[in-house]
Amino acid sequence: MDANELLAFARGPAFDIALIVFVGGMLLRLFEVLSLGRKADLSAPRASGVGGGVRTVGSTEPSGFDRIPSQGELDFDPKAAYVHFTSNNTIMGTQFHEYPDTGDVPLVADMSSDILWRPIDANRFNLIYAGAQKNIGPAGLTLVIVRDDLIGNPITGTPTMFNYATQASAGSMYNTPPTYGWYLAGLVFRWLHERGGLAGMAAINERKAKLLYGAIDASDFYANPVDPTCRSWMNVPFTLTDPDLDSEFLEQAGEAGLKTLKGHRSVGGMRASIYNAFPAAGCDALVQFMKDFEALRPDLSVVVTP
Ligand SMILES: Cc1ncc(COP(=O)(O)O)c(C=O)c1O
């Protein structure tokens, strides 16, 4: 199987789509937008830059983006050209476990940080796009899964290279594609296939996420700010009761081989990114390290009630 066939296998139920591999990160892609906070909203200003009016149809900003807006909170305009949302907020650690129902309004998703995390019903979407760098392969290519009926109607002035029709009809090889990244993506799809495809991957991801959230919830020393129903299986942010210990935690974790746990600079704290490629044994090691680190500071584990 080549990369296309393997992805077609991984993607689940078939529908009339084109699979397009683009060069460049996802911010080159590119309404209505469902706001989940920075990173999740990256496409909105770009959409307005190409002539579209942008309206936010739901946002959890008042509570610090600690959850996903529920279906009942969303206010769609049935005449909107499309609704855009990001399925996993890489920074805040929130994730859609149920996708929004937009009726007849086309649904567009940025799945850069959780594509291939579990089987999904691709028929729910008109367009899915994802930068490769989390669950597909090396940075530098972007995957676009788009329904045939959305191809071929570009805004005036769209450069040839950014026209999906150009790339779809050329098998994503209108010009020289990022061949090495594409080849490596194929190896990743094969790796997924060998682990039982997306269903197999979902079981592994669930075990990893539950272990980590379980350890955080069982402790008064660590906390995760996200509503439990909206927690991401890919990015697990957590804080220490005493933020003055953050740097010590990170330093000792690094020495124990647990690297890059520093939270995004916009939110601070810690973040464990446990994408598909991160092994379950890594989560076991992190949980053990967290317990050991906490055990050395028993005075800080005591909950003080007013
Ligand atoms: C959900 C999401 N969207 C978009 C981006 C930005 O992607 P790129 O840097 O490839 O443009 C990221 C970061 O990788 C992300 O996590």
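**Exercise 1. Find which residues I128 touches, and place I128 in the nonpolar core of this predicted model.**

Solution. Begin with the contacts of I128 itself: leaving out residues up to four places away in sequence, I128 touches A109, M111, A122 and I145. Next, turn to the largest nonpolar core, which holds 51 residues, and in which I128, V144 and L212 touch the most other members. This core draws at least three residues from each of domain 1 (3-194) and domain 2 (197-301). As background, nonpolar side chains in soluble globular proteins tend to be buried together.

**Exercise 2. Decide on which side of helix α5 the buried residues lie.**

Solution. First check the length of the helix: α5 (residues 197-217) has 21 residues and reaches 30 Å from its first C-alpha to its last, close to the 30 Å expected at 1.5 Å a residue. Then list the buried residues of α5, which are L198, M201, N205, K208, A209, L212 and I216. Because these residues cover an arc of only 95 degrees around the axis, they lie on the same side of α5. A general rule helps here, since an α-helix has 3.6 residues a turn, so residues three or four places apart point the same way. Finally, look at the face turned away from the buried side of α5, where the exposed residues A199, G214 and D217 are carried.

**Exercise 3. Repeat the analysis for helix α4, and state what follows the helix.**

Solution. The 16 residues of α4 (residues 179-194) should span 22 Å at 1.5 Å a residue, and the end C-alpha atoms are 23 Å apart, which agrees. The buried residues of α4 are W182, A185, V188, F189 and L192. Seen down the axis, these buried residues fall within an arc of 110 degrees, so they line one face of α4. The face turned away from that buried side carries the exposed residues T179, Y180, L187 and E194. After α4 comes G196, whose phi is positive, near 90 degrees.

**Exercise 4. Describe the phi angles of F65 and L116, and decide whether each residue is buried or exposed.**

Solution. Start from the general expectation that most residues other than glycine have a negative phi. F65, although it is not a glycine, has a positive phi of about 55 degrees, and F65 is found in the loop between β3 (55-59) and β4 (83-86). A residue is buried if 20 or more other C-beta atoms lie within 10 Å of its own; F65 has 26 such neighbours and therefore counts as buried. L116 also has a positive phi, near 65 degrees, and is found in the loop between β7 (107-110) and β8 (127-131). With 25 C-beta neighbours inside 10 Å, L116 counts as buried.

**Exercise 5. Show which residues C230 contacts, and how far apart C230 and R67 are.**

Solution. C230 lies in the loop between β10 (222-223) and β11 (235-240), and because C230 has 22 C-beta neighbours inside 10 Å, C230 counts as buried. Leaving aside neighbours within four places in sequence, C230 is in contact with R67, I68, T94 and Q95. Although C230 and R67 are 163 residues apart along the chain, their C-alpha atoms are separated by 5.6 Å.

**Exercise 6. Find where confidence is lowest and where it is highest.**

Solution. Across the protein chain the mean pLDDT is 85, and 80% of the residues reach 70 or more. Confidence is lowest in helix α2 (residues 43-49), at a mean of 54, and highest in strand β12 (residues 270-273), at 98. Over residues 25-30 the pLDDT is below 50, and this stretch has 16 contacts in the model beyond near neighbours in sequence. Where pLDDT is low, the predicted coordinates should not be read in detail.

Note on methods:
Residues are numbered from 1 along each chain as its sequence is written. A nonpolar core is a set of buried Ala, Val, Leu, Ile, Met, Phe, Trp, Tyr and Cys residues joined through C-beta atoms within 7 Å. A residue is buried if 20 or more other C-beta atoms lie within 10 Å of its own, exposed if 12 or fewer, and partly exposed in between; C-beta atoms are placed from the backbone. Domain bounds come from an automatic or database domain assignment. Two residues are in contact if their C-beta atoms, placed from the backbone, lie within 7 Å. Helices (H or I, at least four residues) and strands (E, at least two) are DSSP runs, numbered from the N terminus. pLDDT is the predictor's confidence in each residue, from 0 to 100. The expected span of a helix is 1.5 Å times one less than its number of residues. The arc is that of the directions from the helix axis to the C-beta atoms.
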